[in-house]
Amino acid sequence: MVIAQRWKWSNSGRKKTPYFPLLVLFLVAFIAFSTLHSEHSIHQIHENPDHARIHQEEHVSVTYVKPNLLNRASEVLDRFSRCNSTVEYSGRKIACLGSGGGGGSRGFSGHRSLETEKCDVFSGKWVFDNGSYPLYNEADCPYMSDQLACHKHGRNDLGYQHWRWQPHNCNLKRFDVKEMWEKLRNKRLMFVGDSLNRGQWISMVCLLQSVIPADKRSMSPNAHLTIFRAEEYNATVEFLWAPLLVESNSDDPVNHRLDERIIRPDTVLKHASKWEHADILVFNTYLWWRQGPVKLLWTDEENGACEQLDGREAMELAMGAWADWVSTKVDPLKKRVFFVTMSPTHLWSREWKPGSEGNCYGEKDPIDFEGYWGSGSDLPTMHSVEKILSNLSSKVSVINITQLSEYRKDGHPSIFRKFWEPLRPEKLANPPSYSDCIHWCLPGVPDVWNELLFHFL
């Protein structure tokens, strides 16, 4: 497997046109509004993690299922889908992957010979640099999201825009807009995942759009698959909403505020039909798996009976189905596939400031001790993902954003974003209670994720 860098938690210790069409604006507003419910759910899971785990029978027999099989008899899941009943988890797992051409479980140290580990670009520190950063101005990007435009919504301490990631023993390649467009000429770059991956997509569009004349660029109003197009380069930068990678009842990018999360754990074919022709794919998944138990509706289930599983184990199944698609469908000579590791949250300031009871609200500087880990990064989930990715050989490159983002407690929108419904007086009186410590201000941390992507392209 092509790996940008090994993940280092095991020895780190616990310290661980220029205006949108009206329809686009309407869709963006609804998308942002729909995230509020999800953020609240995630906060509750952090506060009471036992609520997220459904205890399974100790002696469940394991059977293996071949994923991604066409089954026209299965109805497509949508927000109106329901489980007819819920039964105990059967123990079914996703069948083992093929090696994909010389794979094996090599961990996160596997490299092609042309990518020998001269420098670990993911191990380093944040350096304040108000001469070279930010790489673009918030107000100059007509595609900026109101959820991420922190300065527009009242944040005046702009230090969060000026931090540069500095690897310990080398320099990260500086983002060059013209060079990136040449890499993308006649190609489709697609980000696939949840709102965090959408933030990285918006970052990339803001990084790239300035050199494209307004009459030579366009943004589609399709909220499920949204496409930024640059005519001069015959290139697109796209975002596909698929927060759980596999088919789910949450695949509507606007209406996914659901009490019951249902997935088909053994198929990504619904989404793959849209992403399969992209030349460069950037995947993520993580946050939505932390919102509590998940209902499993296998594609061969005829009676609508769901099984129930905790989020981490359900994510393993979904990642297995995704990895099977990569293993069987990706030719690395024709398609580049990247997987972006989990984006940490900063919901509990006591984890970096012992004795405090806040969150990211009011934070203006990064965490300054190396090796920091907080509860916003789930180590068991990281190990599960590592195990799955290690079987993909040369077909996937990992962009390890987790620990470098862990340091950036200052980089979240907090209260500085547009809210899509009035806040009650008791909330207004307590800013931490409505702070967004999950997403990231732009310009900011996701720009560095894209610098890493540029580096490895």
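Start at L281, which lies in strand 11. The model is a predicted one. L281 has a relative accessibility of 0% and counts as buried, because the cut-off for buried is under 20%. What does L281 touch, leaving aside residues up to four places away in sequence? The list is M190, V192, W275, W325, K335, R336, V337 and F338. K335 shows how the chain comes back on itself in space. L281 and K335 are 54 residues apart in sequence. Their C-alpha atoms are 7.9 Å apart.

Now widen the view from L281 to its sheet. Strand 11 belongs to an open sheet of seven strands. The order across the sheet is 7-8-9-6-11-14-15. Strand 11 thus sits between strand 6 and strand 14 in that order. The pairing is mixed. In general, strands of a sheet pair through backbone hydrogen bonds, either parallel or antiparallel. Which strands stand at the edges? They are strand 7, residues 217-219, and strand 15, residues 397-399. Each has a single partner strand, so one side of each lacks a neighbour in the sheet. From one strand to the next, the twist averages 15 degrees.

Look closer at one pair in this sheet. Strand 8 covers residues 225-230 and strand 9 covers residues 235-241. The two pair in the antiparallel sense, over six bridges. Within this pair, R229 stands opposite T236 of strand 9.

A helix lies across this sheet. Helix 2, residues 177-184, lies across strand 6, strand 8, strand 9 and strand 11. Helix 2 runs at about 80 degrees to strand 9. So the strand that holds L281 is among those that helix 2 lies across.

Helix 2 also meets another helix. In general, two packed helices are described by the angle between their axes and the distance between the axes. The partner here is helix 3, residues 195-208. The axes of helix 2 and helix 3 come within 9 Å and cross at roughly 115 degrees. That makes helix 2 roughly perpendicular to helix 3. Helix 2 brings V177, M180, W181 and L184 to the contact. Helix 3 brings M204, L207 and L208. What classes of residue make up the contact of helix 2 with helix 3? Seven are nonpolar, with no polar and no charged residues.

A second helix pair follows. Helix 5 spans residues 311-329 and helix 6 spans residues 379-389. Their axes are 10 Å apart, at an angle of about 20 degrees. Helix 5 is therefore roughly parallel to helix 6. The crossing of helix 5 past helix 6 is right-handed. From helix 5, the contact takes in R312, M315, E316, M319, G320, W322 and A323. From helix 6 come P380, T381, S384, V385, I388 and L389. The residues of this contact divide into eight nonpolar, three polar and two charged.

There is another open sheet to find. Four strands form it, in the order 2-13-12-10, with mixed pairing. Its edge strands are strand 2 (85-87) and strand 10 (262-263), and each pairs on one side only. Strand 12 (residues 294-296) and strand 13 (residues 305-309) run antiparallel, joined by three bridges. V294 stands opposite L309 of strand 13.

Finish in the loops. Most residues other than glycine have a negative phi, and most peptide bonds are trans. Some places in this model depart from that pattern. N68 has a positive phi, near 60 degrees, and is not a glycine. N68 lies in the loop between strand 1 (63-65) and strand 2. Is N68 buried or exposed? N68 counts as buried, at 13% relative accessibility. S414 is not a glycine either, and has a positive phi of about 55 degrees. Its place is in the loop between helix 7 (402-406) and helix 8. S414 is buried too, with a relative accessible area of 4%.

Two peptide bonds are cis. One joins Y133 and P134, with omega about 10 degrees. P134 is in the loop between strand 4 (124-128) and strand 5 (163-167). Another runs from L442 to P443, with omega near -5 degrees. P443 is in the loop between helix 8 (425-428) and helix 9 (445-456).

Terms used
Residues numbered from 1 in each chain as written. Predicted model: local features only at pLDDT ≥ 70, side-chain atom pairs only at ≥ 80, totals over all residues. Heavy atoms only, no water. Axes fitted to C-alpha atoms, helices over the stretch in contact; angles between N-to-C directions. Parallel < 35°, antiparallel > 145°, perpendicular 65-115°, else oblique. Left-handed = near helix turned anticlockwise from the far one by under 90°. Contact = heavy atoms within 4.5 Å. Nonpolar A, V, L, I, M, F, W, Y, C, P; charged D, E, K, R; others polar. Pairing = 2+ DSSP bridges. Buried < 20%, exposed > 50% of the residue type's maximum accessible area, 1.4 Å probe, protein only.
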